[in-house]
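I sat down with a new model today and kept short notes as I went. Here is the page, in the order I looked things up.

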Amino acid sequence: MADMSGRAQLMWDEAVTGYDFGRDHPMDPVRLHLTRRLVDAFGLDREVDVVAAKAAGESTLRLVHREDYIEAVRAASADPASADGSYGIGTLDDPAFAGMHEVSALIAGQSVGAAEAVWRGEALHAVNFAGGLHHAMPGGASGFCIYNDAALAIARLLELGAERVAYIDVDVHHGDGVQAVFWENPRVLTISLHEHPRTLFPQTGWPEETGAETAQGSAVNVALPAGTGDAGWLRAFHAVVPELIADFRPQVLVTQHGADTHFEDPLAHFAVSLDAQRAVQVACHDLAHEYADGRWVALGGGGYAVVEVVPRSWTHLVAIAAGREIAPETVIPESWRQEVFARTRQLAPARMTDGRWPVPWASWEAGYDPADRLDQAVLATRRAVFPLRGLLT
């Protein structure tokens with residue numbers, strides 16, 4: 001690998017906003033547009049290299065996806081009315097639309113390009129906030145996701161020679177597609193913190209899901225109770241993730257930052273603030289530097305409070321990757337707030353905080369409460385996984 005330039009890359013092609021399931025679908029592409037504009041409003045373009053990678057080609061897509069599924073997406077892309085529902089396309093969650101294959105492959109290409117840039121030393125960090133489409137399976141679409149760009153980025157890293165890649169997913173939904181792709185592969189450690197499968201799609205991600213016989217302990221699931229807020233979410237993250245990353249010592253860290261953990265999100269039941277999301281972004285950045293020589297690929301994901309939450313959360317992510325963190329109390333540029341109103345007729349937030357910074361939380365090492373539901377969830381994960389990796393629970 002080449003020497004690191006130290007600069008971050010922001011993967012962006014305006015055409016990714018064509019990932020559009022139609023009016024009234026929660027996955028409104030305005031969230032991508034507004035994030036990109038907020039990044040620009042803060043002048044972060046001057047701190048990163050903005051790169052438009054090429055779309056993922058057939059051979060790249062086949063690192064994860066079956067040929068028959070790719071062909072089904074192509075066919076639905078050319079004629080949405082002909083979508084084959086057996087592949088999960090043409091459904092309420094994943095309606096078919098013209099150009100679906102092309103834009104999905106473009107988003108995947110940005111994540112693959114990010115992985116290549118980081119591995120080859122062209123960038124220390126790379127961000128694709130249009131990515132993180134973690135529910136897509138090898139043979140089917142699921143949960144608003146057509147191609148699994150996160151899994152494709154990891155598969156490309158393995159193809160390039162990476163021996164250990166860690167994936168951390170803090171979307172409110174379980175990162176089921178990425179887990180499924182690498183279920184049998186001990187070279188990939190997948191860690192997902194999510195709302196408990198009893199109360200949220202995709203009803204997977206139980207702590208007992210720990211990987212195949214050939215890769216026991218390579219899948220980690222922290223299933224947290226509905227209603228989890230800042231202190232509990234951060235406590236759970238720090239009770240599980242750093243120790244596993246320290247043990248695994250990945251060469252690259254890939255992280256997924258779905259913003260749908262937020263208390264404003266309409267599709268889930270957590271009570272996490274923007275400030276806690278930012279704290280986890282900082283923690284992931286620090287873990288990359290401590291254990292992966294700084295190699296960090298950061299992706300977006302879910303997030304359906306498309307004005308109030310998503311642009312602020314992912315702009316913080318870009319700023320952290322760029323090495324120019326935005327102080328939480330920072331006032332948002334008026335030009336962006338005016339654009340928000342012009343596009344959405346919604347009032348934009350005024351600051352880069354929910355007023356909860358710094359977020360207090362109690363470390364696991366200080367002790368746990370066996371009667372507390374969050375602590376029970378953390379303990380279930382530690383008991384399921386840590387012994388498999390030779391760690392103490």
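**Entry 1: the whole chain**

I began with burial: 61% of the 393 residues of the chain count as buried, where buried means under 20% relative accessible area, exposed over 50%, and partly exposed in between (1.4 Å probe, protein chains only). A note to self: this is a predicted model, so local features need pLDDT of at least 70 and side-chain atom pairs count only at pLDDT 80 or more, while totals for chains, interfaces and linings use all residues. Residues are numbered from 1 along each chain as its sequence is written, and side-chain values use heavy atoms, with hydrogens and water left out.

Next I counted eleven helices and eight strands in the chain; these are DSSP runs numbered from the N terminus, helices being H or I with at least four residues and strands E with at least two. The radius of gyration is 19 Å, close to the 21 Å that the globule rule gives for 393 residues, so the chain is as compact as a globular protein of that length. That radius is taken over C-alpha atoms, and the rule is 2.2 Å times the number of residues to the power 0.38. I also noted that the C-alpha trace spans about 55 × 50 × 45 Å along its principal axes.

For contacts (heavy atoms within 4.5 Å), I looked at those with a separation of 6 or more: 77% of them join residues 24 or more positions apart.

**Entry 2: the sheet**

How are the strands of the open sheet ordered? I read the order of the eight strands as 2-1-3-8-7-4-5-6, with parallel pairing; two strands pair if DSSP finds at least two bridges between them. Strand 2 (48-51) and strand 6 (219-224) stand at the edges with a single partner strand each, so one side of each has no neighbour in the sheet. From one strand to the next, the twist averages 15 degrees. Axes here are lines fitted to C-alpha atoms, for helices over the stretch in contact, and angles run from 0 to 180 degrees between N-to-C directions.

I then zoomed in on strand 1 (residues 8-11), which pairs with strand 2 in the parallel sense over four bridges. L10 stands opposite V50 in strand 2. Helix 9 (residues 310-322) packs on the sheet and touches strand 1, strand 2, strand 3 (125-128) and strand 8 (296-299). The direction of helix 9 makes about 170 degrees with that of strand 8.

**Entry 3: helix 4**

Is helix 4 mostly covered or mostly open? I found 19 of its 21 residues buried, so I wrote "mostly covered". Its end C-alpha atoms are 30 Å apart, which agrees with the 30 Å that residues 100-120 should span; the expected span is 1.5 Å times one less than the number of residues. Just after helix 4, G121 takes a positive phi of about 85 degrees.

**Entry 4: backbone oddities**

A reminder before this list: most residues other than glycine have a negative phi, and most peptide bonds are trans.

- F201 and P202 are joined by a cis peptide bond, omega about 5 degrees; P202 lies in the loop between strand 5 (188-195) and strand 6.
- W357 to P358 is also cis, with omega near -5 degrees, and P358 sits in the loop between helix 10 (334-344) and helix 11 (373-385).
- R249 is not a glycine, yet has a positive phi of about 50 degrees. R249 is in the loop between helix 7 (230-248) and strand 7 (252-256) and is partly exposed, at 43% relative accessible area.
- R345, not a glycine either, has a positive phi of about 60 degrees. R345 lies in the loop between helix 10 and helix 11 and counts as exposed at 59% relative accessibility.
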